[in-house]
Amino acid sequence: MPTPEAIMRHYESDPDVDPWVRGKPAPEQVAVVPYDPDWPARYGRLETQLRLALGSTALDIEHVGSTAVPGLPAKPVIDIDLTVADPVQEDAYVPALEAVGYTLTLREPSWHQHRLLQLASPRVNLHVFGPDCPENIRHRMFRDWLREHAADRDLYAQAKRDAADGAMQVMEYNQRKEVVLRQIYERMFRAAGFI
């Protein structure tokens, strides 16, 4: 089990490493849309497809991100955390995912060996990590916190809408909402007894 310090650590990308497997994507207007009550069902269909494609290779699959929080506006992209035995061993899972339409997009060794695969329709960000990864725990904690704390959910919703205004890259959007995000993380970590 990761330490609280590992779970609380904010990731900073390595500026000397190009993580893009197929080149940086073209700019695209970031859109935050009202909560869609179909998102959980969409995730359920995707989870079933992933379990069929991967079998026992999928150690865990979780719906994370804003589409996993009822009432929260979001980019209309389903975020999924997939746990495999070793993300570095791409041959164990990437071919099976490619066979059902996913594309390996990012490789970030310095961030818990994170791999990102994307599906174009419906739009999915599939985050691959190893067992007991601090980031998986952090994602679930944040999702559950927002489900249970309406004031922080509303605060984050406004930050998301403000951040999306004119943003043409997801990284720009993420940076714009980072201050509010970290305020919520601090409350969440404090409530968990981490600080």
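**Helix 5, two cores and a set of aromatic pairs**

Let me begin at the end of helix 5, which is followed by Gly-166, a residue whose phi is positive, near 80 degrees. I should say at once that this is a predicted model, and that what I describe is computed from it.

Staying with helix 5, its 15 residues, 150-164, should span 21 Å at 1.5 Å a residue, and the C-alpha atoms at its ends are indeed 21 Å apart, which agrees. The buried residues of this helix are Asp-152, Arg-153, Tyr-156, Ala-157, Ala-159, Lys-160, Ala-163 and Ala-164. Looking down the axis of helix 5, we find its buried residues within an arc of 165 degrees, so they line one face of the helix. That fits the general geometry, since an α-helix has 3.6 residues a turn, so residues three or four places apart point the same way. As for what lies over those buried residues, the cover includes helix 4 (134-148), helix 6 (170-176) and helix 7 (178-191).

Let me turn to the nonpolar cores. The largest has 22 residues, and the members that touch the most others are Ile-80, Leu-82, Leu-97, Tyr-102, Leu-117 and Leu-126. Two or more residues each come from helix 2 (39-54), strand 2 (78-83), helix 3 (94-99), strand 4 (114-119) and strand 5 (124-129), with helix 2 giving the most, five residues. If we take Leu-97 and leave aside residues up to four places away in sequence, we find that Leu-97 touches Leu-50, Leu-54, Leu-82, Tyr-102, Leu-117 and Leu-126. Apart from this core lies another, of 18 residues, and among them are Met-8, Val-69, Leu-72 and Tyr-156.

Now to the aromatic rings, where the count comes to seven pairs. One of these, Tyr-11 with Trp-111, is stacked, at 4.7 Å centre to centre and with 25 degrees between the planes. Because Tyr-11 lies in the loop between helix 1 (4-8) and helix 2, and Trp-111 in the loop between strand 3 (103-108) and strand 4, the pair ties together parts that are 100 residues apart in sequence. Tyr-11 is partly exposed, with a relative accessible area of 27%, whereas Trp-111 is buried, at 12%. Trp-111 also pairs with Phe-129, and here the centres are 5.4 Å apart and the planes at 85 degrees, so the pair is edge-to-face. Phe-129 is itself buried, with a relative accessible area of 0%.

Finally, Tyr-156 of helix 5 returns in an aromatic cluster with Phe-142, Tyr-185, Phe-189 and Phe-194, and the charged end of Arg-138 sits over the ring of Tyr-185, 4.2 Å from its centre.

Technical notes. Residues are numbered from 1 along each chain as its sequence is written. This is a predicted model: local features need pLDDT of at least 70, side-chain atom pairs count only at pLDDT 80 or more; totals for chains, interfaces and linings use all residues. Side-chain values use heavy atoms; hydrogens and water are left out. A nonpolar core is a set of buried Ala, Val, Leu, Ile, Met, Phe, Trp, Tyr and Cys residues joined through side-chain atoms within 4.5 Å. Buried means under 20% relative accessible area, exposed over 50%, partly exposed in between (1.4 Å probe, protein chains only). Helices (H or I, at least four residues) and strands (E, at least two) are DSSP runs, numbered from the N terminus. Contact means heavy atoms within 4.5 Å. The expected span of a helix is 1.5 Å times one less than its number of residues. The arc is that of the directions from the helix axis to the C-beta atoms. Rings of Phe, Tyr and Trp (its six-membered ring) pair if their centres lie within 6.5 Å; planes under 30 degrees apart count as stacked, over 60 as edge-to-face and the rest as tilted. A charge sits over a ring if NZ of Lys or CZ of Arg is within 6 Å of the ring centre and within 35 degrees of the ring normal.
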